[in-house]
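Work through the exercises below with the model open. Try each task before you read its solution.

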Amino acid sequence: MSFIGILGIFVALFLLIYLTYKGYSVIYGAIICALIVAFTSGIFNIAEVSTLFITGFTNFCTNNGLILICGAIFGQVYVASGASEGVARAITGLIHRCGAKAGAQVAATILLCILLNIALNLGGVPGMAGTLVTYGICIGLLRGSNIPRRYIIAFMMICPASSVIPTSPQIYNVIPMALLGTTSTAAAIPGLIGGLVQTIAGGLYLYFSIRRAQKRGEVYVTDKAHDPDFDADKKVPNFFLSLLPLIVVFVIFNITQNVTIGTFTASVLCCLMFYPRFGSLKAIQENLNKGGATAAALVFDCACVTGFGYLVQNTSLFGSLITNVASWNINPLVITAIVVALVCAITAAPNSGLNIGIPILQNIFGSNLGTTISASAVHRVASFAANTFETVPTNGGILLSLRLSGLTHKEAYFPVFVVTVLCPMLGCATVIALLTLFPGLA
């Protein structure tokens with residue numbers, strides 16, 4: 001392996017993370033860092049660099065463009081109709097009527113957001129679509145419990161474990177099934193325990209962090225440019241009507257396995273059901289335009305990061321690096337976690353971590369896989385590992401959430417890092433420990 005080439009990959013990765021964290025546009029940041037990788041890897045043909053970058057860019061648009069466009073439009077009209085406020089107000093009203101004090105309000109809000117996250121993830125709704133759907137509700141819940149606004153993204157991503165536990169229909173569980181020939185319940189007991197540990201740790205961290213912030217005098221401060229209009233005296237749709245568009249997304253997705261159809265249908269339903277709330281066709285047009293503009297920016301940001309990741313994974317040095325790591329003479333489950341997490345960190349995409357990492361591991365483990373090394377154990381560890389370093393600052397879901405909320409990485413990222421990186425690492429370590437000590441659980 002070329003030391004300069006490997007160094008170039010890691011320098012470019014950390015530079016892109018640094019630039020993104022500091023608020024520089026990921027659009028030119030991804031291009032600059034792609035050029036660093038290309039030149040240090042011996043790719044001096046600009047046409048080849050451009051082809052690799054644009055291939056990754058267009059692949060993202062092909063696979064995710066319509067999901068983000070219809071999701072952003074639905075999120076906008078759902079919020080503008082007052083429906084998201086209707087759901088949030090009903091829930092916070094119930095919490096307040098029960099006489100909950102500030103600490104209990106925070107705990108109840110955390111629990112409700114965990115349950116919402118679990119419902120969407122186990123319902124199969126893709127992560128980015130789920131973010132667009134839940135943003136308005138989470139804003140209302142945080143406002144109702146007076147939780148500082150900088151925690152909003154952590155709440156939107158509060159239960160990543162529900163994507164990786166046994167029976168989950170998300171890619172973290174589906175890709176290993178296809179590659180390893182395992183079932184959705186592979187290593188079920190360690191997976192459920194790891195998911196529980198991860199979720200409890202994230203919930204406890206958020207609770208104590210928020211309570212400390214509240215005691216310092218931090219409160220929810222409305223951002224008029226990004227928050228739904230709020231007026232405590234303004235009438236909003238009742239709870240059950242407000243839930244109907246979300247149920248439509250959930251049901252249609254599980255029938256058609258196409259979230260775009262679900263969010264498109266729900267957007268039309270919102271415009272028809274809540275037309276009096278909009279007041280005019282012009283108001284609906286303005287919100288549709290706003291949702292479309294948000295989607296265009298989101299698609300471009302995320303596609304540029306994917307272009308960078310695609311170029312990296314198509315250098316010869318990248319494959320050599322991952323293969324070299326996979327050859328270390330240590331616990332094969334630890335190797336599995338390191339390889340998958342490393343690919344996820346470099347590409348900021350869990351599907352890449354699994355689709356690239358698992359075949360390399362299969363080649364390294366050879367005939368031992370399925371005999372002395374359990375395929376079910378590798379499946380569950382890989383799914384948990386793919387849920388760790390995917391949420392680096394350049395991750396599409398992070399960029400999406402920041403754009404929706406108007407927050408910066410500096411303001412919002414640390415709670416997200418704890419909930420979506422450190423806690424998943426703890427969950428992954430728990431699964432590895434259980435499968436190492438009790439291999440029969442695989």
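Two exercises follow, one on a cavity and one on backbone angles.

This is a predicted model: local features need pLDDT of at least 70, side-chain atom pairs count only at pLDDT 80 or more, and totals for chains, interfaces and linings use all residues. Residues are numbered from 1 along each chain as its sequence is written, and side-chain values use heavy atoms, without hydrogens and water.

**Exercise 1.** Find which residues line the largest cavity, and sort them into nonpolar, polar and charged.

Step 1. Fix the term: on a 1 Å grid over the protein atoms alone, a cavity is a set of points where a 1.4 Å probe fits but cannot get out; lining residues have an atom within 4 Å of a point.

Step 2. Take the volume, the space filled by probe spheres set on the points. The largest cavity has about 30 Å³.

Step 3. List the lining: Cys113, Leu116, Asn117, Leu120, Thr134, Cys138, Phe155 and Met156.

Step 4. Assign helices (DSSP runs of H or I, at least four residues). H5 (102-122), H6 and H7 each supply at least two lining residues. H5 gives the largest share, four.

Step 5. Sort: six are nonpolar, two polar and none charged.

**Exercise 2.** Locate asparagine 146 and threonine 167, and state the phi of each.

Step 1. Recall the background: most residues other than glycine have a negative phi.

Step 2. Place asparagine 146 in the loop between H6 (127-144) and H7 (152-156). Its phi is positive, about 55 degrees.

Step 3. Place threonine 167 in the loop between H7 and H8 (171-180). Its phi is positive too, about 80 degrees.

Terms used. 1 Å grid on protein atoms, 1.4 Å probe; cavity = no way out; pocket = protein on both sides within 12 Å on 5 of 7 lines; lining within 4 Å. Nonpolar A, V, L, I, M, F, W, Y, C, P; charged D, E, K, R; others polar.
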